[in-house]
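This briefing concerns the surroundings of the bound ligands and the way in which the metal atoms are held. Please look over the sequence and the model before reading on.

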Amino acid sequence: MKKAALAGTIVLAALALLCSLAGGQEDMVSVDNSVFASPRRPPAVFRHEEHNENAGLDDCSRCHHLYDEKGNKLEDESSEDQSCSECHGTSDENGRPSLRKAFHLNCKGCHLELKQGPVTCGSCHRWNTGQEQQKS
Ligand code: HEC
Ligand code: HEC
Ligand code: HEC
Ligand code: HEC
């Protein structure tokens, strides 16, 4: 009896683990644009894990940054537990670019700097993103 119960527990635990792993693989394919009141473009393509692996970005704070009150970047800390929109609003504020600018400076800025990655509107805001999402 005891053994059967233990086996049952193990099976349940394994199932729970499988589910959580499957959930984790359902990765971000575009940047959520629902924080913009009335988005004019389709959400920008951004396969988080794949993008960062291909671009060799292992420093989370390159995008998920934190600054002190004086505006100095905190090198050893990151803010991946927060959305960009928690700090960047609808307009520029105290040296903080508006949310739209923040994304463009971050994404396009790096692509221009490295001469790699898309820089034209339609190459990030792809009208077929929805179809791509359904395919994968
Ligand atoms: C390197 C990728 C990239 C490029 C190039 C780019 N954008 Fe964006 N843009 C983003 C991201 C990321 C956001 C954040 C929300 C989202 O996913 O749409 C955004 C947000 C926006 C928004 C606010 C949300 C909306 O849909 O109203 C507008 C407007 C916009 N971009 C227009 C443009 C235009 C116009 C161009 C070309 C001049 C352009 N973008 C080029 C990545 C890009
Ligand atoms: C090239 C820029 C970039 C890098 C590098 C990056 N991220 Fe992100 N990450 C983003 C963007 C953009 C979002 C979406 C933020 C938003 O919608 O406000 C995001 C969202 C997230 C989220 C929440 C959303 C989700 O469902 O996944 C987590 C967690 C996260 N990143 C973790 C990390 C960790 C950990 C690292 C370092 C190993 C990292 N990120 C590196 C750009 C980046
Ligand atoms: C905890 C708050 C916070 C979060 C979360 C945050 N930022 Fe920022 N960001 C700031 C502050 C503060 C500044 C202004 C720093 C200064 O004074 O120079 C800034 C500046 C910027 C700048 C201009 C300076 C630069 O680094 O080029 C960009 C671009 C930017 N943020 C993009 C993003 C993006 C994209 C995300 C989400 C992935 C994000 N930020 C998340 C607080 C935040
Ligand atoms: C620190 C540099 C850096 C930042 C920040 C960055 N990228 Fe990139 N991105 C790259 C590099 C490098 C490549 C080319 C990598 C390769 O060879 O596949 C790339 C490629 C891409 C591609 C083409 C690959 C694909 O999946 O279709 C897209 C789309 C893209 N980036 C979107 C974004 C968006 C959206 C953001 C902002 C949320 C962003 N990137 C931020 C460096 C960056």
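A residue is counted as near a molecule if one of its heavy atoms lies within 4 Å of it. In this predicted model, 20 residues surround ligand 1, and the closest of them are Arg 40, His 104, Cys 121, Cys 124 and His 125. Ligand 1 and ligand 2 each have an iron atom with two histidines as its protein donors.

**The shell around ligand 1**

- Sorted by class, the shell around ligand 1 is made up of eleven nonpolar, five polar and four charged residues.
- Helix 3, which spans 99–114, and helix 4, which spans 121–124, each contribute at least two residues to this shell, and helix 3 gives the most, with six residues.

**Polar contacts of ligand 1**

- Backbone atoms of the protein approach oxygen atoms of ligand 1 at two residues: a polar backbone atom of Val 31 is 2.9 Å from an oxygen atom of the ligand, and a backbone N or O atom of Ala 44 likewise lies 2.9 Å from an oxygen atom of ligand 1.
- A side chain takes part as well, since an N or O atom in the side chain of His 125 is 2.8 Å from a nitrogen atom of ligand 1.

**The iron atom of ligand 1**

- The protein donors of this iron atom are His 104 and His 125, each through NE2, and they lie 1.9 to 2.0 Å from the metal.
- His 104 belongs to helix 3, whereas His 125 sits in the loop between helix 4 and helix 5 (129–135), so the pair ties together parts that are 21 residues apart in sequence.
- The arrangement is octahedral because the six donor atoms around the iron atom of ligand 1 subtend angles of 87 to 180 degrees.
- His 104 is partly exposed, with a relative accessible area of 36%, while His 125, at 19%, counts as buried, because buried means under 20% relative accessible area.

**The iron atom of ligand 2**

- His 48 and His 64 are the protein donors here, again through NE2, at 2.0 to 2.1 Å from the iron atom of ligand 2.
- His 48 lies in helix 2 (residues 48–54) and His 64 in the loop between helix 2 and helix 3, so this pair ties together parts that are 16 residues apart in sequence.
- The site is octahedral, with angles of 86 to 179 degrees among its six donor atoms.
- His 48, at 21% relative accessibility, counts as partly exposed, and so does His 64, at 22%.

Terms used
Residues are numbered from 1 along each chain as its sequence is written. Chains are lettered from A and ligands numbered from 1 in the order in which they are written. This is a predicted model: local features need pLDDT of at least 70, side-chain atom pairs count only at pLDDT 80 or more; totals for chains, interfaces and linings use all residues. Side-chain values use heavy atoms; hydrogens and water are left out. A polar contact is a pair of N or O atoms within 3.5 Å; within protein, one must be able to donate a hydrogen and the other to accept it, and residues adjacent in sequence count only if both atoms are side-chain atoms. Helices (H or I, at least four residues) and strands (E, at least two) are DSSP runs, numbered from the N terminus. Ala, Val, Leu, Ile, Met, Phe, Trp, Tyr, Cys and Pro count as nonpolar, Asp, Glu, Lys and Arg as charged, and the others, Gly among them, as polar. Donors are N, O and S atoms within 2.8 Å of the metal (3.2 Å for Na, K and Ca); water is not among the atoms, so sites may look incomplete. Four donors count as tetrahedral if all angles lie between 85 and 135 degrees; four count as square planar and six as octahedral if opposite donors are over 155 degrees apart and all others between 65 and 115; anything else is irregular. Buried means under 20% relative accessible area, exposed over 50%, partly exposed in between (1.4 Å probe, protein chains only).
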